[in-house]
Amino acid sequence: MNAHSDIKGRRSAKGGKKQSCVMSRRSFLLTSGIATATVMVTMNAGTASAAKMPAAVATYPRKKIAKLSQLKNDQPVEFSYPDEGAYSTNMLVKLGTQAGGGIGADRDVVAFNYTCTHQGGDMEGTYKGDTKSLGQCPLHLTTYDLTRHGIIIGGQAYQSLPQILLELDGDDIYAVGVFGLIYGRQDNLKA
Ligand code: FES
């Protein structure tokens, strides 16, 4: 299974009826790229010198970014993730309506990177509460749907907006990963 095969956002073969574009939480996590910090690998498997060795694997930090009880509908909160480097500014928002990857009792709290995937336009301040969207991008007018994993509503971009994976621990919200590649990076963990 890959990220795209499980997204229900396309028209069905019969009838052309549009479906909702929401991945299951399990699929979302499986395709998110979260890695464990350390894994054991077998070197020289099948030989007399076979041995298990620890292998370092890059992993996303777990960063506390807000308290759920302090969020207000349609009022974004800015935070940096996964580091303080280029294009790491994101927004956390309580949409007031259920969204793909949403956390909280209403599954309506999501977070996205602020940088347009097309050519890096800064979309800070462009959130629209009436349509639950981010944009238009000031450069070429792309708009992204925050209820459906940041897919493109319209404009010049051709990749969805990177979604920040969230976890809720009591009232604390943590950023724990990124779903999608941040603009300007070949690896989300290398600024
Ligand atoms: S940089 Fe955003 S649409 Fe081109």
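Which residue in β6 is the bridge partner of Asn 90? In the predicted model described here, that partner is Asn 113, and the pair belongs to an antiparallel arrangement in which β5 and strand β6 (residues 109-113) are joined over five bridges. On its other pairing, β5 is matched with strand β4 (residues 77-80), again in the antiparallel sense, over four bridges, and within that pairing Ser 80 stands opposite Thr 89 of β5. Strand β5 itself, which spans residues 89-94, is mostly covered, since five of its six residues are buried.

These strands belong to a chain whose secondary structure comes to one helix and twelve strands. Read from the N terminus, the helix precedes the strands, the order of elements being α-β-β-β-β-β-β-β-β-β-β-β-β. Of the 191 residues in the chain, 31% are buried. Among contacts with a separation of 6 or more, 42% are accounted for by residues 24 or more positions apart.

In soluble globular proteins, nonpolar side chains tend to be buried together. The largest nonpolar core of the present model holds 30 residues, and of these Ala 111, Phe 112, Ile 164 and Leu 166 touch the most other members. At least two residues of this core are supplied by each of β5, β6, β11 (163-169) and β12 (172-179). The surroundings of Phe 112 can be given in detail: with residues up to four places away in sequence left out of the count, Phe 112 touches Asn 90, Met 91, Leu 134, Leu 146, Gly 150, Leu 161, Pro 162, Gln 163 and Ile 164. One of these, Asn 90, is the residue whose bridge partner in β6 is Asn 113, while another, Ile 164, is itself listed among the core residues that touch the most other members.

A further set of four strands forms an open sheet in the order β7-β8-β9-β10, with antiparallel pairing. The edges of this sheet are formed by β7 (127-128) and β10 (151-154), each of which pairs on one side only. Strand β8 (residues 133-134) is paired with strand β9 (residues 143-145) in the antiparallel sense over two bridges, and Leu 134 stands opposite Tyr 144 in β9. Leu 134 is also among the residues touched by Phe 112.

Several loops contain backbone features that merit separate description. Most residues other than glycine have a negative phi, and most peptide bonds are trans. Against this background, a cis peptide bond joins Tyr 81 and Pro 82, with omega about 5°, and Pro 82 is found in the loop between β4 and β5. A second cis peptide bond, with omega about 10°, joins Gly 135 and Gln 136, the latter residue being found in the loop between β8 and β9.

Positive phi values are likewise present in residues other than glycine. For Lys 132, which lies in the loop between β7 and β8, phi is near 55°. For Leu 141, in the loop between β8 and β9, phi is near 70°. The two residues may also be described by their surroundings: Lys 132 has 20 other C-beta atoms within 10 Å and is therefore buried, whereas Leu 141 has 15 other C-beta atoms within 10 Å and is therefore partly exposed. The assignment of Lys 132 rests on a cut-off under which a residue is buried if 20 or more other C-beta atoms lie within 10 Å of its own.

Technical notes
Residues numbered from 1 in each chain as written. Predicted model: local features only at pLDDT ≥ 70, side-chain atom pairs only at ≥ 80, totals over all residues. Pairing = 2+ DSSP bridges. Buried ≥ 20, exposed ≤ 12 C-beta atoms within 10 Å, placed from the backbone. Contact = placed C-beta atoms within 7 Å. Core = buried A, V, L, I, M, F, W, Y, C linked by C-beta atoms within 7 Å.
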